[in-house]
Each structure stands twice: as C-alpha cells, then as structure tokens.
Amino acid sequence: MANTPKRALRTTTAMGALGLLVAMPGLVATAPLEAQSAKAPKVYAISPTDKAEGAKAHPELLSEFGGAVTGAQASYVEQVGKKIAVQSGLSNATGDFTVTLLNSPVNNAFAIPGGYVYVTRQLTALMNNEAELAGVLGHEVGHVAARHSAQRQKAAQRNQIIGVLGSILSGAVLGDNAFGQFGQKLFSQGSQLLTLKFSRSQELQADQLGITYLKRAGYDPRAMSTVLESLARQNALEAQLSGGGNQTPEWASTHPDPASRVRTALTYAGNGSTGATNRDAFLTRIDGLVYGDDPKQGIVEGRKFTHPVLRFAFDAPDGFFMVNGTSAVSISGSSGKAQFSGGKLNGSLDSYINTVFGTLTESGQARITPSSIEKTTVNGIPAAYGVARVQNSSGTIDVVVFAYDFGNGQAYHFMTLAQAGGAEVFTPMFRSLRRISAADAGSVRPRLLDVVTVKAGDTVQSLAAKMAYSDAKVDRFLVLNGLQANSPLMPGQKVKIVTY
C-alpha cells in the first residue's frame with residue numbers, strides 16, 4: 001500500500017510470490033514490418049500511434065506497480081530486455097524500447113505496444129539466470145508482436161488495470177455463489193495485476209516466439225521451460241502456504257497452467273539446444289534486490305500489516321491471509337473477504353462511507369446504501385461504520401465499510417464481504433487498527449535477496465536455515481533456486497537466500 005492512496009476504493013490481489021504475465025489490451029500495432037512464414041504471426045512495426053498510446057499508459061502502469069526501480073539492477077534488466085526485444089521484429093533499434101524493472105512484490109511481467117516492456121523485481125528474483133529473464137521478457141514481447149491483446153479484446157469484457165480479486169479471485173476462493181458474483185463488483189477497482197486472459201494457443205505461441213527470440217539472441221532456449229517450471233513450483237508453494245484453496249490466482253490464471261507447458265517448451269527448444277545462460281553474472285547483478293513487500297508500501301508479517309511511513313498497523317482475523325499492493329491490502333479467508341485502503345476526507349466520516357458504498361453501484365442499478373452509520377472510537381481514533389445487506393440471485397451478503405479519521409484530511413477504511421450475519425468475523429480486525437510509534441516504525445526492515453557462494457560443508461538445510469522466514473524455509477530455498485531436495489551443492493556455486 002503506497003504512501004498516498006489515490007482514491008477512496010482500491011483493491012489489490014498482488015501476493016508476494018504469485019503473479020501473472022499479460023499484455024495490456026487496447027493498444028494495437030498497425031504497420032507491417034516484414035513478411036512472415038505461413039505459421040508465424042505477422043509482425044507489425046512500432047507505429048507513431050503505438051508510441052503515443054504507450055507513452056500515455058506508461059505513467060499509470062508505473063503508479064500501479066509501485067514505480068520503477070533505479071540503479072545498476074534496473075540498468076542490467078533494461079540491457080537484457082532491449083537485447084531480446086529487438087529480436088521480435090517490432091523494431092531493430094534498441095532505443096525504441098523502454099524496459100522497466102518495477103518495484104512490485106508480485107511475480108509479474110508484461111509488455112504493451114509502443115515498445116514498453118516491464119518485469120517486477122519479485123519475478124526477477126525468482127529467476128536463476130539471464131536467459132530466463134530474456135525468455136520471460138521475450139514471451140511478453142511475443143504477445144505484442146502477435147497482437148494477442150487486440151485479438152482477445154473483442155471477446156473480453158471491460159479490461160483495464162483492475163484487480164483480479166473480483167473477476168477471478170472471488171470465484172476461485174468463494175465459489176460461484178453470492179460471494180463470488182457480488183465480489184466481482186466489490187473488488188474490481190484496481191490493483192497490480194492485469195486481467196486479460198489469453199487462450200492456450202496464444203500462450204503456446206508466445207512461448208514459441210520467446211524461444212525463437214532466445215535462439216536469435218544466442219541464449220539457451222531451454223530457459224523458457226525452466227522458468228515455467230519455477231513459476232509452477234512457486235504457485236504450488238503459495239497454495240501450500242496459504243492453506244490450499246484460499247490463494248490468490250497467479251500467473252497461471254491468465255497464462256494457462258505453466259506446469260503443463262514446461263514439456264512443450266522444452267520440446268520446442270530442443271533437448272540438445274545450447275546457448276548462453278550467464279547464470280553467475282545474472283545472480284551477481286540482482287544481488288540485493290528488495291524481496292517481498294517494500295516498507296514504503298507496508299509490510300505483511302503473518303496476520304499483521306504494518307505501514308512504517310503512514311505509521312499504523314492492523315491484524316487480520318485468524319485463518320485469513322493478506323496480500324499487499326501498491327494502493328490497498330486484500331484480506332482473504334474462507335468465510336469472507338476484505339480490503340483496506342484510504343482516501344481524502346473532505347467532510348464527515350458519514351459522507352466518506354457513503355462515497356465508498358457509492359463506488360459499488362453501476363449505472364442503471366439501485367444504489368447500495370448502508371442501513372445506518374454508527375460512530376465509535378478505535379484505539380483513540382474517531383471511526384464510523386455502515387452495513388448494507390445485499391440480495392442477489394444466489395443469496396444474501398453483508399457489506400461493511402468501517403472508516404477511520406486519521407486527521408489532516410486523511411481517512412482509511414476496511415470494506416468487507418461476508419454471508420449475511422457473518423460480518424462479525426472481521427470485528428477483531430476493525431478493532432485492531434492502531435497508530436504506531438516512531439520506534440516501532442523504525443524497526444520494520446525489508447527482506448533482501450542475498451546471493452551467496454556455497455562453501456565446503458554447506459547443505460540445503462544449513463543455507464535454508466538463513467532464510468528470513470519462520471516457516472517452510474527449505475521449500476522456499478529450493479523453489480527460489482530452482483533446486484530439488486536431492487540437488488547437490490558444490491563449493492563455489494552461487495545460490496540465493498532471503499535475509500533482512
């Protein structure tokens with residue numbers, strides 16, 4: 001959650017180690033560049049229109065994804081991205097591409113027409129060599145080169161930079177019932193994820209294009225299969241850590257089943273293929289990346305969320321998990337869903353709460369309003385809350401907006417969704433919001449990616465013990481490094497750990 005909320009209602013489903021790879025809809029290329037084979041997609045050069053539309057979208061994408069990382073790490077990613085992007089035929093000039101390393105804790109990458117290519121620091125940290133980075137970026141450029149977003153846009157509903165908490169997560173977690181259906185409206189106001197789904201054939205084509213670009217650039221084309229495998233394993237690990245069903249859909253939700261594509265990608269690349277991986281150089285260059293939440297956007301530690309800059313903290317209910325994003329925090333569990341966000345308080349809390357409820361009403365529909373608004377105080381903070389009972393074809397649900405006046409024209413609020421009569425599960429969370437001291441704020445530390453060299457006597461277990469987590473240390477270490485439980489560690493080998 002960023003320092004300055006952009007609007008009264010925002011949503012995120014950006015889970016630290018989950019994500020998706022998508023291309024932005026609505027921006028299309030125009031001018032043919034070169035003839036392609038019958039089976040290959042026609043490639044279109046970057047046009048002035050593409051550049052203008054991409055330049056317009058770029059600042060919003062940066063804002064949605066936590067801004068751009070700067071410095072040597074970002075420069076390295078930019079170098080690799082431009083090297084692979086020119087293999088697409090969209091342009092032969094590296095200067096026509098803008099490659100950005102995003103300050104986001106989501107495993108995500110995407111490209112939009114106009115030469116704009118993006119990858120998050122979290123997804124970069126999951127990779128284990130330069131060829132994998134090039135492969136992921138090549139895959140995304142491939143979607144643009146093949147104009148997949150333009151093809152899918154006709155069949156898609158309104159696609160924008162929106163949270164999949166409504167369009168995907170509510171159905172996946174809460175099922176096809178009142179939760180899932182109403183949740184699509186409740187939690188569809190923006191996040192660090194893009195929701196345009198690609199077909200399986202488009203995904204396979206983007207994989208193949210990415211592999212083709214890897215070959216042209218001199219990289220080992222098998223890297224596409226290994227990064228797909230890492231993403232599949234990360235997805236499985238996150239499912240395990242979040243309790244199985246209650247997880248945020250990730251990269252596989254819009255890019256169908258990376259696990260099933262691993263073998264296909266390897267077959268297309270060729271088992272005997274060779275090429276550069278630049279593993280050690282890659283690991284050296286990404287050493288020190290922030291891993292997971294950036295304290296500037298708040299930190300999730302188990303059930304506790306702390307924002308050291310805005311100086312507050314709260315606790316999720318037992319059995320719920322949290323996902324932090326640039327402008328909001330999502331809280332999910334089997335008995336309900338919630339989001340925490342903020343906005344400017346230009347009047348009373350009553351007016352603020354009614355405004356938040358108003359964002360749930362679409363044109364032509366009856367306005368959702370709370371039956372009443374009650375005032376209270378939480379840990380010395382003036383607060384108020386309203387409840388609206390909503391009936392739809394699948395059942396009855398309660399929507400609660402619980403808002404707090406933090407002074408100086410700033411408010412924060414929870415919005416929750418539960419079955420009728422079940423909103424009390426969130427009461428401890430409502431009562432937990434509190435200001436924190438400067439000392440507490442100063443104690444919040446980021447996790448960092450630390451690349452270390454294996455020494456004689458080091459084992460998976462001894463290195464995993466250094467991971468800055470209280471659970472699943474070995475599993476996290478293995479997935480992060482693309483290793484199996486029986487993988488040997490050799491002195492001199494570089495591996496990644498996560499430390500404070």
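Helices α9 and α17 cross with a left-handed sense. Their axes come within 9 Å and cross at roughly 160°, which makes α9 roughly antiparallel to α17, since anything over 145 degrees gets that label. Keep in mind that this is a predicted model. Helix α9 also packs against α8, so we'll take its two partners in turn, then look at two loop asparagines and the chain overall.

**α9 with α17**

- Helix α17 covers residues 473-481, while α9 runs over residues 223-241.
- On the α9 side, the contact uses S230, R233, Q234, L237, Q240 and L241.
- From α17 come D475, R476, L478 and V479.
- Sorted by class, the residues of this contact are a mix: four nonpolar, three polar and three charged.

**α9 with α8**

- Helix α8 spans residues 200-217, and its axis lies 9 Å from that of α9.
- The angle between α8 and α9 is about 130°.
- That angle makes α8 oblique to α9, as it falls outside the ranges for roughly parallel, roughly antiparallel and roughly perpendicular.
- Helix α8 brings D207, G210, I211 and L214 to the contact, where they meet A223, M224 and L228 of α9.
- Here the class count is five nonpolar residues, one polar and one charged.

**Two asparagines with positive phi**

- N379 isn't a glycine, yet its phi is positive, near 50°.
- You'll find N379 in the loop that links β14 (373-378) to β15 (381-392).
- N408 also has a positive phi without being a glycine, at about 55°.
- The loop holding N408 sits between β16 (395-407) and β17 (410-419).
- Is N408 buried or exposed? With a relative accessible area of 84%, N408 counts as exposed, because the cut-off for that is over 50%.

**The chain as a whole**

- The protein chain has 500 residues, and 59% of them are buried.
- Its secondary structure adds up to 17 helices and 20 strands.
- Look at contacts in the chain with a separation of 6 or more: 71% of them join residues 24 or more positions apart.
- About 18,900 Å² of the protein chain is exposed, with carbon and sulfur atoms supplying 49% of that area.

Notes: Residues numbered from 1 in each chain as written. Predicted model: local features only at pLDDT ≥ 70, side-chain atom pairs only at ≥ 80, totals over all residues. Heavy atoms only, no water. Axes fitted to C-alpha atoms, helices over the stretch in contact; angles between N-to-C directions. Helix = DSSP H or I, 4+ residues; strand = E, 2+ residues; numbered from the N terminus. Parallel < 35°, antiparallel > 145°, perpendicular 65-115°, else oblique. Contact = heavy atoms within 4.5 Å. Nonpolar A, V, L, I, M, F, W, Y, C, P; charged D, E, K, R; others polar. Buried < 20%, exposed > 50% of the residue type's maximum accessible area, 1.4 Å probe, protein only. Areas by Shrake-Rupley, 256 points an atom, 1.4 Å probe, with all protein chains shown as cover. Left-handed = near helix turned anticlockwise from the far one by under 90°.
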